[in-house]
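Please look through the structure of this protein and follow how its parts are arranged. The text after the display leads through it step by step.

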Amino acid sequence: FGLVLFLPAVLGGCAATPGTPAAAQRPTVRVAALKGPTAVGMVPLMAAQAAGTTATDDVFTVSASPEEVAAKVASGDVDIAALPTNVAAVLYARTNGGVRLLAVTTLGVLSIVEDGDSVHALSDLRGRTVYATGQGANPEYVLRFLLRSNGLDPDADVHLVFKAQHEELATLVANGTAGLALLPEPFVTTVTMKNPRVRVALDLTREWSATVTDGSRLMMGAVVVRSDFLERHPEAVDAFLREYRASVAKATADVEATARECERFDIIPAAVARAAIPRLNLSFLTGEEMAAGARGYLRVLHDADPASVGGAIPDSRFYVTGR
């Protein structure tokens with residue numbers, strides 16, 4: 001799941017709908033999507049664009065990694081992009097405020113999965129071996145924060161074993177080698193489909209909400225806009241956001257259609273998307289709600305490693321709160 005990594009050093013249009021200005025009068029909105037859960041809420045909007053029914057003249061590109069998307073934003077090749085929330089913070093720092101956070105569209109997609117039925121709370125991880133990916137990145141930082149906040153020493157009370165790739169760890173879980181593992185979607189869904197003994201023991205989004213007292217939320221996927229594009233085309237940005245909000249609502253309401261479109265646009269295979277979408281915590285948070293939830297999350301990452309958010313917690317200008 002691309003959105004869990006951080007970047008230490010980053011750095012066809014469609015016909016107008018009835019009642020909208022002619023396409024020539026509308027700026028093209030170049031949008032970058034990321035394979036995986038970060039882009040799932042955008043899929044109905046991508047389908048509408050392909051059908052020529054969007055209010056803005058969107059041109060979508062799909063990339064395989066956060067690094068690719070971030071590079072497109074930094075270079076000015078795209079105007080709006082779906083990215084990991086912390087990567088958005090990194091870009092804000094690297095571009096000296098050249099990007100702004102528009103919305104959070106994916107909450108946490110990390111879970112502890114178990115081949116068995118012995119873990120029902122974080123405290124149950126005491127003395128256990130937990131396999132994970134994302135060493136030195138968001139998954140490790142989130143897990144360590146939650147363990148410490150629930151009275152466990154991550155270095156003494158739990159044995160963390162890190163693997164380099166999600167695919168490798170998913171295979172170990174599916175074949176029974178790894179009994180407890182921290183995985184992101186859609187790999188959680190993949191292993192539970194392959195091995196019926198494996199269950200979701202702990203949803204870290206819920207664990208975060210049950211743990212924190214500062215009102216923060218585990219906000220892992222977001223949408224950014226280039227600051228110069230927002231200044232030149234505020235109405236286009238507003239129109240895009242309205243349709244994106246509707247897209248997220250449709251993605252959660254019509255799972256079957258969204259799953260098919262996920263495969264069509266090479267986001268996630270349809271069979272996996274069909275089972276994973278209810279677990280993706282798709283959302284559409286904007287304004288002060290977005291800012292309040294993201295600040296605490298980014299603070300946790302900063303405390304673990306300042307580079308994970310670009311060296312400093314973003315200031316208030318990072319958040320677009322007036323839309």
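What follows goes from the confidence of the model to its two sheets, and then to some helices and single residues.

This is a predicted model. The protein chain has an average pLDDT of 91, and 92% of the residues score at least 70. Among the strands and helices, strand β6, at residues 129–132, has the highest confidence, with a mean of 98. The lowest value belongs to strand β2, residues 57–63, with a mean of 93. Residues 1–24 are another matter: there pLDDT stays under 50. The model has 84 contacts beyond four places in sequence for that stretch.

Start with the sheet of 5 strands. This sheet is open, its pairing is mixed, and its order is β7-β6-β8-β5-β9. Why is one side of β7 and of β9 left without a neighbour in the sheet? Both strands stand at the edges and each has a single partner strand, so there is no neighbour on the other side. From one strand to the next, the twist averages 30°. Strands of a sheet can pair in a parallel or an antiparallel way, through backbone hydrogen bonds. In this sheet, β6 and β7 pair in the parallel sense, over 4 bridges. At one place in this pairing, T129 has H159 of β7 as its bridge partner.

Two helices can be placed against this sheet. Helix α6 packs on the sheet and touches β5, β8 and β9, and its direction makes about 130° with that of β8. Helix α7, residues 204–211, packs on the sheet as well, touching β5, β8 and β9. The direction of α7 makes about 25° with that of β9.

Helix α6 spans residues 187–194 and is mostly covered, with 6 of its 8 residues buried. These buried residues are F187, V188, T189, T190, V191 and T192. Which elements cover them? The cover includes strands β5, β8 and β9, and also helices α5 and α11.

Now turn to the sheet of 6 strands. This sheet is also open and mixed in its pairing, and the order is β2-β1-β3-β10-β4-β11. Its edge strands are β2 and β11, each of which pairs on one side only. Here the twist averages 25° from one strand to the next. Strands β4, residues 99–107, and β11 run antiparallel and are joined by 2 bridges. T106 stands opposite L282, a residue of β11.

Helix α9 packs on this sheet, where it touches β1, β2, β3, β4, β10 and β11. The direction of α9 makes about 150° with that of β11. Helix α12, at residues 287–304, lies across β4, β10 and β11 and runs at about 120° to β10.

Helix α9 also has a helix as a partner. Helix α1, residues 43–51, packs with α9, residues 234–253, at an angle of about 115°, and their axes are 7 Å apart. On the α1 side the contact is made by V43, P44 and L45, and on the α9 side by F240, E243, Y244, S247, K250 and A251. Sorted by class, the contact has 6 nonpolar residues, 1 polar residue and 2 charged residues.

The loop between α1 and β2 is the place of T54. Is T54 buried or exposed? Its relative accessible area is 1%, and the cut-off for buried is under 20%, so T54 counts as buried. A polar atom of the T54 side chain lies 2.8 Å from the backbone oxygen of T56.

Helix α3, residues 85–94, is a further covered element. Because 8 of its 10 residues are buried, α3 is largely enclosed by the rest of the structure. The buried residues are T85, N86, V87, A88, A89, V90, L91 and Y92. Their cover includes strands β3, β4 and β10, together with helices α2, α4 and α12. After α3 comes N96, which has a positive phi, near 55°.

Helix α2 contains P66. With a relative accessibility of 1%, P66 counts as buried. P66 and E235 are 169 residues apart in sequence, and in space their C-alpha atoms are 27 Å apart.

Key
Residues numbered from 1 in each chain as written. Predicted model: local features only at pLDDT ≥ 70, side-chain atom pairs only at ≥ 80, totals over all residues. Heavy atoms only, no water. pLDDT = per-residue confidence, 0-100. Contact = heavy atoms within 4.5 Å. Axes fitted to C-alpha atoms, helices over the stretch in contact; angles between N-to-C directions. Nonpolar A, V, L, I, M, F, W, Y, C, P; charged D, E, K, R; others polar. Buried < 20%, exposed > 50% of the residue type's maximum accessible area, 1.4 Å probe, protein only. Polar contact = N/O pair within 3.5 Å; in protein donor to acceptor, adjacent residues only side chain to side chain. Pairing = 2+ DSSP bridges.
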